[in-house]
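Subject: Handing over the two-chain model

Dear colleague,

Here is the structure I promised to pass on to you, with the sequence alongside. Please open it first, and then read the notes below with the structure in view.

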Amino acid sequence: MPQKPDSKLKTLKTEHEKASDELARYKLLVDSIQDYAIFMMDPHGYIQTWNKGAQKNKGYTASQIIGKHFSIFYAPEDIAAGKPSKELEIATNFGRVEDEDWRIKRDGTRFWASVVITALRDPNGNLVGFAKVTRDLTDRKRYEDALLNANIQLKAQQKELQLLNESKDDFISLASHQLRTPATVIKQLLGLFVEGFIPDVAEDHMSIIKKAYDSNDRQIQIVNSLLKVAQVDAGNVKLQLTDCDINQLAEDVVAEFSDTVAERRQTIAFQTNASDAAVRADAKHLRMALENLVCNATKYTAQGGAIRIVVARKGNAVRIEVIDNGVGIAAQDIGNLFEKFRRLPNILSDEVGGTGLGLYWANKVISLHGGTIEVMSKPGRGSTFTINLPQDTVA
Amino acid sequence: MKKILVVEDEALLRESYKLILSTEPYIIAVASDGKQALDMCMQMRYDLILLDLMMPKLDGTMFLEKAIDEQIDLPKVIVLSNLSSGDEIAKALMLGAYKNVVKADLSPRQLLSLVRYELQSV
């Protein structure tokens, strides 16, 4: 049934009111937004509207800016490069353009702006203007720049440290080789007396020669340790992986230390619960790491003490425990045991023992195998050093 | 009697090696660099060579290279150097050296044991 004229007018009025209400709501929405500058421009870039966010962001009131060209916000170098017109051209051709760059406020200060310009078209596709939404991201930009600068500085420092480290490694390596040669001569010459190649040496003379021989030997051990650490630090240790029977290796180390522990009236024993304790490992390096742990155990265990090497398989991994009932380690010292040159005082001996490089080196070598060394200890009760080895070393 | 050639540029070491090895029934010859050793190997066939690496004139690896070039049939060569790893040792082993021993680790007795052991198989 056709509508009556007054009824049609009423409907139109209601629709007009609804449209007006909707427009007012949108205007309120856009005007109220303070974090974003939102405004419209005509097809040539002249500003037509201005919201509160734009005033807050750029410092112009609506009356100061409406009718002005939007290039007023661009830096002189961008204007000279034709950036404002290029951005309008891109928005016209592709619908929108995004940019992040410095823009200028009314007071001349710069701010880092995130900008989106969207082309506005009527239902027939004719360009009627542009909407521009700008957000001030200066704080984020400063934070990013600070982070970037810090990162650049950090990388430069890293590079410098790396060069220093390489130069230090080269120096240690060269010095170690040069030091070994005279020490080798001393070892051979004094060894002629100590090992009886030259007979009839008076006992008191021999005692002095023996001390000199031992001292020279200790120097060679220090040089060897320095060299080993320089090599592992420089990444020059390449593992030679073979199928390595850990039970056999542990038994060999026990046999090797049997004389040493006998001299110290200690005992050393080997136990295993793994019928198959084979892993892919570098037998030579692994053995040296284990020897290091056993050597420490003998040094830090009193006469009459007991040392055990216990091998166990845990899933695919193999575990080697070196257990002693020696002096133990204070809780505060455990965390930095594996640091370079870290030496713990030994209440059992006045002598300065070791170089402080053995555990550092052992830990590095076990890490190269993809394994770990763990420590559990109680002062006065003893220590357990555990080497955990994966079955298949990734090297 | 087995003949051993000691190639070592450090005079004191060379003489002490000679003294130590002479306590067993070996014939000991010494050379102070690779060039001298090469000349000696052209004249005589030895049963074992103890070879230092870092030497003047002709170093250890160059001695091995030259021996190959000159088609000298070298006996078992034990590298006795104070380099414990690195390119020079790898090169020496590639050029036919049998093994490398760090000489700072050897006492006179250990040197004798090493030589005795290595001579068993030649």
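I would begin with the hairpin in chain A, where E3(A) and E4(A) are joined with 5 residues between them, and where A:Gly125, which sits in the turn, has a positive phi of about 90 degrees. Please keep in mind throughout that this is a predicted model. The two strands of that hairpin run antiparallel and are joined by 9 bridges, and within this pairing A:Thr118 stands opposite A:Ala131 of E4(A).

The hairpin belongs to an open sheet of 4 strands in chain A, which follow one another in the order E1-E4-E3-E2 with antiparallel pairing. At its edges are strand E1 (36-41) and strand E2 (96-104) of chain A, each of which pairs on one side only, and the twist from one strand to the next averages 25 degrees. Strand E4 (residues 127-136) of chain A also pairs with E1(A), in the antiparallel sense and over 6 bridges; if you wish to trace this pairing residue by residue, A:Met41 has A:Phe130 as its bridge partner in E4(A), while A:Tyr36 has A:Arg135. Helix H5 (residues 83-94) of chain A packs on this sheet and touches E1, E2, strand E3 (110-121) and E4 of chain A, its direction making about 160 degrees with that of E2(A).

Elsewhere in chain A there is a helix pair to look at. Two packed helices are described by the angle between their axes and the distance between the axes. For helix H7 (residues 203-233) and helix H11 (residues 358-368) of chain A, the angle is about 35 degrees and the axes are 10 Å apart, and the crossing of H7(A) and H11(A) is left-handed. On the H7(A) side the residues that meet the other helix are A:Lys228, A:Val229, A:Val232 and A:Asp233, and on the H11(A) side they are A:Tyr360, A:Trp361, A:Lys364 and A:Leu368. By class, this contact has 5 nonpolar and 3 charged residues, and no polar ones.

Chain B has an open sheet of its own, in which 5 strands are arranged in the order E2-E1-E3-E4-E5 and the pairing is parallel. Strand E2 (26-31) and strand E5 (99-102) of chain B each have a single partner strand, so one side of each is left without a neighbour in the sheet. Neighbouring strands here are turned by 20 degrees against each other on average, with direction ignored. Strand E1 (residues 2-7) of chain B pairs with E2(B) in the parallel sense over 6 bridges, and B:Val7 has B:Ala31 as its bridge partner in E2(B). Helix H2 (residues 34-43) of chain B lies across E1, E2 and strand E3 (48-51) of chain B, running at about 135 degrees to E2(B). Helix H5 (residues 108-120) of chain B also packs on the sheet, where it touches E1, E2, E3, strand E4 (76-81) and E5 of chain B, and its direction makes about 140 degrees with that of E3(B).

How many residues of chain B are in contact with chain A? The count is 21, and they meet 17 residues of chain A. Between them the two chains bury about 1800 Å², 60% of it on carbon and sulfur atoms. In chain B, the residues that lose the most area to chain A are B:Asn82, B:Ala104 and B:Pro108, which together account for 27% of what that side buries. The count of salt bridges between chain B and chain A is 0.

With best wishes

Notes:
Residues numbered from 1 in each chain as written. Chains lettered and ligands numbered in written order. Predicted model: local features only at pLDDT ≥ 70, side-chain atom pairs only at ≥ 80, totals over all residues. Heavy atoms only, no water. Pairing = 2+ DSSP bridges. Axes fitted to C-alpha atoms, helices over the stretch in contact; angles between N-to-C directions. Contact = heavy atoms within 4.5 Å. Left-handed = near helix turned anticlockwise from the far one by under 90°. Nonpolar A, V, L, I, M, F, W, Y, C, P; charged D, E, K, R; others polar. Buried area = accessible area lost by both parts, 1.4 Å probe. Salt bridge = Lys/Arg side-chain N within 4 Å of Asp/Glu carboxyl O.
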